[in-house]
Amino acid sequence: MHPRETHVAVGIVATAPEAQGRGVARAMLQPVIDAAIARGLPVRLVSSLMNLDSFSLYSRLGFVAHTIYQDLTFTVPATGLAGAAPLEARRVRRVTEVAEAVRLAAFERELQGIERERDYVFFLRNQIGAWRVWVLEDASGALEGFIVASHHPSCVMLGPGVARDEAGAAALLWSALDAMRGLSPVFLVPNAAAQLVQTCYGWGARNIELHAAQTLGTMVAARGISFPTFLPETG
Ligand SMILES: CC(C)(COP(=O)(O)OP(=O)(O)OC[C@H]1O[C@@H](n2cnc3c(N)ncnc32)[C@H](O)[C@@H]1OP(=O)(O)O)[C@@H](O)C(=O)NCCC(=O)NCCS
């Protein structure tokens, strides 16, 4: 479990095959739920839609799936992404200053209603050297979106991240992916962002899984495009 300012996140849940179906996962999750309720916070997680054991576990406990994500992947060509860069990609840049975490956390809170500044401090501090943080800014330098990328060979993946709209999300994805030439990153795109999904197909992306964001407790209305990740939350 990963307690945060605005919510409690649940990471990967697994029980030994010989112990399954005996209430072990439920017993592990119940204290997490109780602790969140005691703090008046919702519990959030991202679960596979192709794994009914997992979906049912959370559904029985009262979680409600609210956003469907398409898991996409492809090998980024050594020569870079196909086609022209989205117009807004010229306003995407990599940031490395730890002080940027305040801005990223505030932006996520504004659009998605959740806050986790320590996570962004962790990515920006980048002690293992495998994290890259990209931001999209408007002409005045105000944040329009950001995305974190893991280049570590054990997990080549994009997310977390948030963009104000699909055009900004495409620019961030394009920049983060183009920096992963020869790699095969996994990234999750909201199913409802139909134009963005088509853009990703145009780059060569293919579906490999489906996930749903689920919440137990008060659901905050979210705006913008979010990029979830499976990486354990930090901090
Ligand atoms: C998913 C997983 C953690 C579940 O663990 P578990 O210890 O078997 O789960 P539990 O026995 O505590 O609870 C399962 C619940 O789901 C319910 N359930 C299972 N299949 C169901 C179905 N098809 N419809 C409705 N309910 C179902 C069970 O009845 C039980 O609820 P109950 O306690 O109210 O009766 C386990 O199967 C696992 O480790 N899978 C591999 C890893 C994985 O997929 N993890 C999840 C993604 S990170």
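**View 1. Ala149 and its surroundings in strand 7 of the predicted model.** In this predicted model, Ala149 has its place in strand 7, and with a relative accessible area of 0% this alanine is buried. Once its neighbours within four places in sequence are left aside, Ala149 is in contact with Ala130, Trp131, Arg132, Trp134, Met157, Leu158 and Met180. How far apart are the C-alpha atoms of Ala149 and Gly202, which are 53 residues apart along the chain? They are separated by 21 Å.

**View 2. His151 in the loop between strand 7 and strand 8.** The loop that runs between strand 7 and strand 8 holds His151. Is His151 buried or exposed? With a relative accessible area of 17%, His151 counts as buried, because the limit for that word is under 20%. If its neighbours within four places in sequence are set aside, the residues in contact with His151 are Ala130, Arg132, Ala179, Met180 and Leu183.

**View 3. The largest nonpolar core and the elements that build it.** In soluble globular proteins, nonpolar side chains tend to be buried together. Here the largest nonpolar core has 32 residues, and those with the most contacts inside it are Leu158, Leu173, Phe187 and Leu196. Two or more residues of this core come from each of several elements, namely strand 6 (131-137), strand 7 (143-150), strand 8 (157-163), helix 5 (166-178), strand 9 (186-190), helix 6 (194-203) and strand 11 (225-227). Which of these elements gives the most to this core? Helix 5 does, with eight residues.

**View 4. Leu173 and its contacts, with another core beyond.** When neighbours within four places in sequence are left aside, Leu173 is in contact with Ile147, Leu158, Phe187, Val189, Leu196, Cys200, Trp203 and Phe227. Apart from the largest core lies another one, of 17 residues, and among them are Phe107, Leu124, Phe146 and Val148.

**View 5. Cys155 and Cys200, two cysteines without a disulfide between them.** A disulfide is a covalent bond between the sulfur atoms of two cysteines. How many disulfides does the count give for this model? It comes to zero. Cys155 is in no disulfide, and the nearest cysteine sulfur, which belongs to Cys200, is 18 Å away. Seen from the other side, the sulfur of Cys200 has its closest cysteine sulfur in Cys155, and the 18 Å between them is too far for a bond, because a disulfide needs the two sulfur atoms to lie within 2.5 Å. In their exposure, Cys155 is partly exposed, with a relative accessible area of 22%, whereas Cys200 counts as buried at 0% relative accessibility.

**View 6. The ligand and the residues around it.** The shell around the ligand has 17 residues, of which Val13, Thr15, Gly21, Gly23 and Asn51 come nearest. Helix 1 (24-39) and helix 2 (52-60) each supply at least two residues of this shell, and the largest share, five residues, comes from helix 2. What lies 2.6 Å from an oxygen atom of the ligand? A polar side-chain atom of Asn51 does. An N or O atom in the side chain of Gln20 is 3.3 Å from an oxygen atom of the ligand, while for Arg22 it is a backbone N or O atom that lies 3.3 Å from a ligand oxygen atom. Taken alone, the ligand exposes 960 Å², and the protein buries 68% of that area.

Terms used
Residues numbered from 1 in each chain as written. Predicted model: local features only at pLDDT ≥ 70, side-chain atom pairs only at ≥ 80, totals over all residues. Heavy atoms only, no water. Buried < 20%, exposed > 50% of the residue type's maximum accessible area, 1.4 Å probe, protein only. Core = buried A, V, L, I, M, F, W, Y, C linked by side-chain atoms within 4.5 Å. Helix = DSSP H or I, 4+ residues; strand = E, 2+ residues; numbered from the N terminus. Contact = heavy atoms within 4.5 Å. Near = heavy atom within 4 Å. Polar contact = N/O pair within 3.5 Å; in protein donor to acceptor, adjacent residues only side chain to side chain. Areas by Shrake-Rupley, 256 points an atom, 1.4 Å probe, with all protein chains shown as cover.
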